[in-house]
Amino acid sequence: MLAAATPAMSASAAALTCPGTGGWSSMKYDDATGNTTWYMKDGSVIVQDENGNVIQNTQTAAPSAAATGWTSDTNSDLTVQPGKTYQFKFTAANPSGINVWMGTPGVFNVTKAATEANAVYYKITAVGTPGAAAGVYVSYNGGSGTKLCVATVAGGSTSSGNTSSGGSTSSTPDTSGMTEKQKAAVEAGLTLGDWNHEYEQEVFDLVNEERVKLGLPKLVWDVNGTDLAQIRAKELSIKYSHTRPDGTHAGTENIGSGDAIPILVEDPSGVHWALWNGDPKSIVASWMGSEGHYKNMMDYEVDDAGNVIGATAMAVGCYVDKEGSIWWVQVFTGGKSVLENPTYRNPLL
């Protein structure tokens, strides 16, 4: 709400533009000093004198690696559609020492998505009301928190009298300037440059449905293999092979790639539009039609000693790269140890 000033602002003060980032919620003009105070959505305060010079600013600058010991692939403010996610990559010598949280509760949920040798991925999901904002804070190795940026839930507007801090943002994703593949992915509800854990769960469930049809026990979710599946899915966007980018062999897995662009196909049901490995049903159907992939998913035999020959557990990774291609992987594990505390749900959901 605009704090009215009496008398009215001078012409120079009225022409000032908020110098902060992330949007402001209210502002106040002090007639005695000529100063304008901006109260930002993230709780910080910025004060300008009558000439527009910033004389107070509690918003922090983007952190440097030298000062913090880590770097982020995102340092500027961002907007996330309601119910959607955005993912940060943090690079550090000790990625497990990175901790991320939001300055304002109830606006975004924060989850750790995956860990690599020198990096960790955190995902924020917009759960607050449209227009709500929160600062993203990061600490390293138990140190104090550093403000990284401000995240805003898309779709809201904040106005002060006749002045708006940014107007309204449509909840419909902006696909202008995107390629056909990128646009198809976004319109399918996918986030470019991010994993999709819902798709991973659906692939897992579809495979178990096929196993049940054959009278086979369900695979359990390989909790210990979850991080590997996330890493492998992204690695496939770099090198599509069972040989990993570091030259090592990936182990027992099924891999696939596709996109969300419908294509015209002909099968026993007739001619119709379908996705080419662009959703869980199509990728599972593709694997089911391939002898080697089918064997990895469906092989099951018990020897005389009671040992299971074939997989007993599986983890799934689904990564959507920034170009809109979708990369799939199933990582299989055998043995009885994974059956001790069985779960059938992706722990990243």
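Student: Which residue stands opposite Thr111 in β10?

Tutor: Look across the ladder from one strand to its neighbor. In this predicted model, Thr111 stands opposite Lys123 in β10. That pair belongs to the contact between strand β9 (residues 108-115) and β10, which run antiparallel and are joined by seven bridges.

Student: How many residues link β9 to β10 in the hairpin?

Tutor: Follow the chain out of β9 and count up to the start of β10. Three residues make the connection, and the two strands form a hairpin.

Student: What pairs with β10 besides β9, and in which sense?

Tutor: Strand β7 (residues 85-92) also pairs with β10, in the antiparallel sense, over seven bridges. For a landmark there, take Phe88, whose bridge partner in β10 is Tyr122.

Student: How should I read the two sides of a strand?

Tutor: In a regular strand, side chains alternate between the two faces of the sheet. For β10, one side carries Ala119, Tyr121, Lys123 and Thr125, and the other carries Val120, Tyr122, Ile124 and Ala126.

Student: Are those faces of β10 covered or open?

Tutor: Both are covered, with the residues on each side all buried. Buried here means under 20% relative accessible area. Put as a count, eight of the eight residues in β10 (residues 119-126) are buried. Lys123, the residue opposite Thr111, is among them.

Student: And what share of the whole protein chain is buried?

Tutor: Of its 349 residues, 43% count as buried. The protein chain holds seven helices and 23 strands, and its accessible surface comes to about 17000 Å², with 50% belonging to carbon and sulfur atoms.

Notes: Residues are numbered from 1 along each chain as its sequence is written. This is a predicted model: local features need pLDDT of at least 70, side-chain atom pairs count only at pLDDT 80 or more; totals for chains, interfaces and linings use all residues. Side-chain values use heavy atoms; hydrogens and water are left out. Helices (H or I, at least four residues) and strands (E, at least two) are DSSP runs, numbered from the N terminus. Buried means under 20% relative accessible area, exposed over 50%, partly exposed in between (1.4 Å probe, protein chains only). Accessible areas come from the Shrake-Rupley method with a 1.4 Å probe; for residues, only the protein chains shown count as cover. Two strands pair if DSSP finds at least two bridges between them.
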